[in-house]
Amino acid sequence: MGLEFHVLGPLRARRDGHEIDLGRPQQRAVLAALLLAPGQLVPLEQLIDGLWGEDDSHWPKNPVGQLSTHTHRLRRAIAAPGDPGGAVLVAESGGYRLNVDRGCVDLFHYDAAVQESAALRHDDPVRARVLLREALGRWTGPALDGVPGAFAERTRRRLAAGRHAVVKTLLDIELTLGRHTELLPELEALAAQNPHDEEVRRLYVLALHRGGRTAEALAAFDALRERLDRELGLEPSPAMLELHARIRDGDPALTAPPVPVRGRLRPQRPCQLPPDIPDWVGRGAELREAEGLLRQPDTTPVLALSGRHGSGTSAFAVHLAHAVQDAYPDGQLYAGTDDPHSVLAAFLRALGEPPPEAADTAELSRLFRTALAGRRVLVLLDGVTRPGALLPAAPGCAAVLTGAAPEALPDGTAHIRIGPLDPADAHELLARVAGAGRVREEPGPVAELAALCGHLPLHLRAAATRLAARPQWSVAGLVARTGRR
């Protein structure tokens, strides 16, 4: 049985089924950082920052020595009887390495099940549902519950956001399988807990309608529209507006769809998008303009995003791509490198069309466009300066670009510039990352900090992360430190 580690809940370790005492909280924090990169060298600086934060005034007198003590105790704790454990937890030049297989850590089993479910979602939704239920069943509480340090806190937030996305995917699959009646209590509770999550609300409204409660579905939509207008000054998303129109018009296609026949041959549906931003704030007008463009039927839109460094064009592109996934059911492709030959080959493999070994870039581009014919695929090219060979041509497909050279863009490209956040949205971003209470207590310094950051998401998030990792700091203190730089 060997070693087993559990991070999806309180951090635990077992050897041959027997619980291991992992010792003090900071030893557990060191182990957590090593477990999320099994077999890889984790630098000393990363471990120190993860335990004590970036501000060296809060470090112990000898952080390297304390790390050595923690790792020595961990090594003894996880060692097999009669084995000093040196082969498992290794000190190397510049850091430490935990020599365990990914299969020893529950997180990687969870990730694998989620990825397998995504691959089966369209062809075998029953199996996809089973995989996600089993994956979510691995959670026993907040990830790394009780583990101290900035690294553990960041990881908790990231994994919680990912889990929420998996829950929504599972509920969508359950609706595909016609389980709208059984899901209603769960969807109602989830919608109440996440009042601004329009995807949760969309699933709830659809379940109400399919359950014969159309009046309640329309009332739930009206309540969402009123709240968004009152609190954010926004209209519901295009996907939500489309669902409302179809319900109002009595679209028969909204009734519960039949379960697809397992094993039917269908094209592969890649989903290569990076994870969405869990604490997304603002950009409502730009998102609605972009969604409206990408949801036009039977077109091949190309959207180029631009903005100064720190404005978050890449994050906007990823968030947008997730928002319109339903409009591109045959897959989403992603590339972030200026190597068209290798990117095209990877795209073709992802679409189930292995490329010929000797094909040049021009031939790969032709094969790629042929593979997209009759499909609805979204292509996200992040930081690709010369995107020409990677752009789809088939109606129903689309491309979203960041960092593209203006002269390399095709005629008809739509452009959206991403600027600084509005002051209110900058304030909200700081509150979501650093904590609403701290931001509420110091409105003046918060406004000053947002201005020092130029209201740019990259700088705002970095400042808020520093505050979150240092609960003893005031916002005014961070403003003073920032102003001195």
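**Entry 1: cavities**

I looked for enclosed space in this predicted model and found two cavities of 30 Å³ or more. I noted about 50 Å³ for the largest cavity and about 40 Å³ for the second largest.

**Entry 2: the largest cavity**

Which residues line the largest cavity? I listed Ala29, Ala33, Gln46, Leu47, Gly50, Leu51, Pro148, Phe151 and Ala152. I then looked up the elements that give two or more residues to this lining, and they are α1 (25-35), α2 (44-52) and α6 (150-176). Helix α2 gives the most, with four residues. By class, I have seven nonpolar residues, two polar ones and no charged ones in the lining of the largest cavity.

**Entry 3: the second largest cavity**

I did the lookup again for the second largest cavity, which is lined by Ala150, Glu153, Arg154, Arg157, Thr465, Ala468 and Ala469. At least two residues of this lining come from α6, and at least two from α18 (457-469). Which element gives the most to this lining? I found that α6 does, with four residues. The class count for the second largest cavity is three nonpolar, one polar and three charged. I wrote down that α6 appears in both lists of contributing elements, for the largest cavity and for the second largest.

**Entry 4: helix α17**

I turned to helix α17, residues 443-452, and asked which of its residues are buried. I noted Val446, Leu449 and Ala450 as buried. Why do they lie on the same side of α17? They cover an arc of only 100 degrees around the axis, which puts them on the same side of this helix. The background is that an α-helix has 3.6 residues a turn, so residues three or four places apart point the same way.

I also looked just past the end of α17, where Gly454 takes a positive phi of about 65 degrees.

**Entry 5: the sheet**

I looked up the strands next. Three of them form an open sheet in the order β1-β2-β3, and the pairing is antiparallel. Which strands are at the edges? They are β1 (3-6) and β3 (18-19), and each pairs on one side only.

I checked how β1 meets β2, residues 12-15, and counted four bridges in the antiparallel sense. As one residue to follow, I took Glu4 and found its bridge partner in β2 to be Arg14.

Terms used: Residues are numbered from 1 along each chain as its sequence is written. This is a predicted model: local features need pLDDT of at least 70, side-chain atom pairs count only at pLDDT 80 or more; totals for chains, interfaces and linings use all residues. Side-chain values use heavy atoms; hydrogens and water are left out. Buried means under 20% relative accessible area, exposed over 50%, partly exposed in between (1.4 Å probe, protein chains only). The arc is that of the directions from the helix axis to the C-beta atoms. Two strands pair if DSSP finds at least two bridges between them. On a 1 Å grid over the protein atoms alone, a cavity is a set of points where a 1.4 Å probe fits but cannot get out, and a pocket is an open set with protein on both sides within 12 Å along at least five of seven lines; lining residues have an atom within 4 Å of a point. Grid points are joined across faces, edges and corners, and a volume is the space filled by probe spheres set on the points. Ala, Val, Leu, Ile, Met, Phe, Trp, Tyr, Cys and Pro count as nonpolar, Asp, Glu, Lys and Arg as charged, and the others, Gly among them, as polar.
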